[in-house]
Structures are given as C-alpha cells and as structure tokens.
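Work through the exercises below with the sequence and the model open. Each task is followed by a solution in steps.

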Amino acid sequence: MAPEIRMRASLSGSRDGKKWPARGEVLEVPEAEAKQLIAQGIAEAADAVETATLEAKAETATVPAKTVAQVRAAAKAQQEEADRLAEEEKAKAEAAEAERLEAEAKAAKEAKK
C-alpha cells in the first residue's frame with residue numbers, strides 16, 4: 001500500500017492528469033514521492049497529528065515617553081533645517097532673477113543709445 005500524505009500547500013497544475021488536492025486533503029502517492037513532498041514541506045504524513053492550543057496571550061509593546069519625545073524633537077529639528085534650506089534656495093533664486101532683470105534693463109538701455 002502506498003503512503004498517504006496530507007497537503008500542507010496548494011499546488012497549481014496537475015499530477016497524473018488530475019488537479020493537485022487542496023491544502024489539507026489526503027493523497028496516496030508512491031513512497032519516494034511522499035518522502036520528497038514531505039522533505040520540501042509541501043506535505044506531511046497523513047497520520048501526523050497536529051495539536052493546537054487555545055491559550056493566546058496578547059503581546060504589547062511600550063515605548064518609553066522619553067524616546068517618543070526624543071523622536072519628536074529630532075523630527076522637528078529636521079523639519080526646521082529643511083525649511084531653512086528651502087528659504088535659502090528661495091532667496092538665491094530671487095537674487096538670480098533680480099540680477100537677470102537688472103542685466104536685461106541695462107542691455108535695453110544700452111541698445112537705445
């Protein structure tokens with residue numbers, strides 16, 4: 001008698017012209033194939049017994065208030081630095097535009113002479 005395996009994963013395609021059984025379903029296969037599927041984690045021996053516990057403990061994470069304050073302070077400092085750099089870039093762009101307009105006015109004045 002060939003060993004029976006229980007599928008632990010869903011496989012696409014077919015086996016011997018039939019769709020693979022769904023996860024949790026049992027299939028009879030040759031011993032070598034059973035060993036291979038079990039070794040790959042795709043299946044388990046059909047007589048394998050799984051146990052489950054109903055006790056679940058909730059996990060919680062706490063962050064010290066000091067750490068939260070430090071993160072907020074660092075974020076605020078980064079934002080202030082970004083704002084300062086943006087203002088510098090804006091001032092440079094405005095100065096370059098003023099120089100360009102001044103040069104155009106001077107060129108126009110020279111052209112009239």
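## Exercise 1: a residue in a loop

Task: classify D16 as buried or exposed, then place D16 in the fold and describe its backbone.

Solution. D16 has a relative accessibility of 69%. The cut-off for exposed is over 50%, so D16 counts as exposed. Next, the position: the loop that holds D16 joins strand 2 (14-15) to strand 3 (18-19). Last, the backbone: phi of D16 is positive, about 55 degrees, although the residue is not a glycine. Most residues other than glycine have a negative phi.

## Exercise 2: elements and overall dimensions

Task: list the secondary structure in order, then compare the radius of gyration with that of a compact globule.

Solution. The model is predicted. Its secondary structure consists of 2 helices and 5 strands. Read from the N terminus, the order is β-β-β-β-α-β-α. For 113 residues, a compact globule would have a radius of gyration near 13 Å, whereas the protein has 36 Å. The C-alpha trace spans about 110 × 50 × 20 Å along the principal axes.

## Exercise 3: burial and the nonpolar core

Task: state what share of the residues is buried, and find the residues of the largest nonpolar core.

Solution. Of the 113 residues, 12% are buried. The accessible surface comes to about 9800 Å², and carbon and sulfur atoms hold 54% of that surface. In soluble globular proteins, nonpolar side chains tend to be buried together. Here the largest nonpolar core has 9 residues: I5, M7, W20, L27, V29, A34, L37, I42 and A43. Strand 1 (4-7) and helix 1 (31-39) are the elements that each give two or more residues to this core. As a check on one core member, take V29: leaving out residues up to four places away in sequence, V29 touches A2, P3, I5, R15 and A34. For the protein, among contacts with a separation of 6 or more, 51% join residues 24 or more positions apart.

## Exercise 4: distance along the chain and in space

Task: locate K57, decide whether K57 is buried or exposed, and give its distance from E99.

Solution. K57 is in the loop between strand 5 (43-45) and helix 2 (65-112). Its relative accessible area is 76%, so K57 is exposed. K57 and E99 are 42 residues apart in sequence, and their C-alpha atoms are 69 Å apart in space.

## Exercise 5: charges

Task: how many positive and negative charges are there, and how far apart are their mean positions?

Solution. The protein has 19 positive and 23 negative charges. Their mean positions lie 6 Å apart.

Notes. Residues are numbered from 1 along each chain as its sequence is written. This is a predicted model: local features need pLDDT of at least 70, side-chain atom pairs count only at pLDDT 80 or more; totals for chains, interfaces and linings use all residues. Side-chain values use heavy atoms; hydrogens and water are left out. Helices (H or I, at least four residues) and strands (E, at least two) are DSSP runs, numbered from the N terminus. The radius of gyration is taken over C-alpha atoms; the globule rule is 2.2 Å times the number of residues to the power 0.38. Buried means under 20% relative accessible area, exposed over 50%, partly exposed in between (1.4 Å probe, protein chains only). Contact means heavy atoms within 4.5 Å. Accessible areas come from the Shrake-Rupley method with a 1.4 Å probe; for residues, only the protein chains shown count as cover. Lys and Arg count as positive and Asp and Glu as negative; His and the chain ends are not counted. The place of a charge is taken as NZ of Lys, CZ of Arg, CG of Asp or CD of Glu. A nonpolar core is a set of buried Ala, Val, Leu, Ile, Met, Phe, Trp, Tyr and Cys residues joined through side-chain atoms within 4.5 Å.
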